[in-house]
Amino acid sequence: MSLTNTKKMFEHALKKGYAIPAFNICNMESAQAVAEVAGEKKVPVIISVSEGAAKYAGYDFVHAIVETASKHYKNDIALHLDHGKSFEACKEAIDAGFTSVMFDGSSLPYEENIKITKKVVSYAHKKNVTVEAELGKIIGTEDMVHSTTESFTDPEEALDFVMRTGVDSLAISIGTAHGINKSIKTPVIQYGVIENVHKAIPNTPLVAHGSSTVPAKWVDTIIKFGGEIKKSQGISEKDIEKMSKTAICKINMDTDLRLAHTAGVREMLSTHPEKFDQRDYNKAGKENVKLQVAHAIKLTIGK
């Protein structure tokens, strides 16, 4: 099946009360793992690539890998650019065949965020590509995204922003955090913010970034086989399940897949020091990613 945008995905999720997991991938094996598990479970899924990962691999290479993986299954798969920091980055992704892009202007002055988001929306909609934007600041560090401060999304500002930009979905700040340690604080999800923003823009799908659960089993395996992770903390699985039943239609997970794959690679190379074929250790990483993806789908979609 060909790649699709997120419009119908989100409409159905909002109507039925579940969230679609968006998995950030960094290699072919992770893309395969996400597509295989979602295909077997017959659920919609979003495969995301950060701007840094897209530049590293090449936008066209990423598109070719994900599109090829999607053709083996009949479920809906969207290819999404995560945290595009400029119009040019979003345009490059759209031109390469991405079906969804995020312009992240949350660190910009409000009016400049609106201006560039409108420009991205105008270009994307002509090519049937959906656009996500962000309001509020989410604390933490992940890839090219970094913020040492947190500010929750204001409902009135969200309404003004959506009306003036025509954006398809909105990432909001609700207490989640990017990265492996969530900035060394216990995340407290602000469900009141979700409710109030949804009341202000009831027809706009909402997105939760920074929602990795940072499973202890992957962290422990990495440490056991020579890795060094000093502090780690994730969003609770109970919060992922609860958020999925609110107006949040998309839940982003990046760190969890990195940990799963790395745990598999480290264990394989440590327990089989004679191995040097990339296929052997990447397969071990892929199998862990499949387990993590399946668990995340259970938490968000319930299947």
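Over how many bridges do strand β4 and strand β5 pair, and in which sense? Here are a few notes on this predicted model, starting with that pair.

1. Strand β4 covers residues 100-103 and strand β5 covers residues 130-135; the two pair in the parallel sense over three bridges. If you would like a place to look, S100 has T130 of β5 as its bridge partner.

2. On the other side of the story is helix α5, residues 87-96, which packs on the sheet and touches β3 and β4. The direction of α5 makes about 175 degrees with that of β4.

3. Now for the wider setting. Eight strands form a closed barrel with parallel pairing, in the order β1-β2-β3-β4-β5-β8-β9-β10. From one strand to the next, the twist averages 25 degrees.

4. Helix α2 (residues 28-41) is worth a look too. This helix lies across β1 (20-24), β2 (45-50) and β3 (77-84), and runs at about 170 degrees to β2.

5. Finally, a helix pair: α11 (residues 255-271) packs with α12 (residues 278-300), their axes 7 Å apart and at an angle of about 140 degrees. Angles over 145 would count as roughly antiparallel, so α11 and α12 are oblique to each other. The crossing of α11 past α12 is right-handed.

6. As for who makes that contact, α11 contributes residues including L257, A260, G264 and M268, while α12 contributes, among others, Y281, G285, N288 and V289. By character, the residues of the α11 contact with α12 comprise 10 nonpolar, six polar and three charged.

Technical notes
Residues are numbered from 1 along each chain as its sequence is written. This is a predicted model: local features need pLDDT of at least 70, side-chain atom pairs count only at pLDDT 80 or more; totals for chains, interfaces and linings use all residues. Side-chain values use heavy atoms; hydrogens and water are left out. Two strands pair if DSSP finds at least two bridges between them. Helices (H or I, at least four residues) and strands (E, at least two) are DSSP runs, numbered from the N terminus. Axes are lines fitted to C-alpha atoms, for helices over the stretch in contact, and angles run from 0 to 180 degrees between N-to-C directions. Contact means heavy atoms within 4.5 Å. Angles under 35 degrees count as roughly parallel, over 145 as roughly antiparallel, 65 to 115 as roughly perpendicular and the rest as oblique. A crossing is left-handed if the near helix is turned anticlockwise from the far one by less than a right angle, and right-handed if clockwise. Ala, Val, Leu, Ile, Met, Phe, Trp, Tyr, Cys and Pro count as nonpolar, Asp, Glu, Lys and Arg as charged, and the others, Gly among them, as polar.
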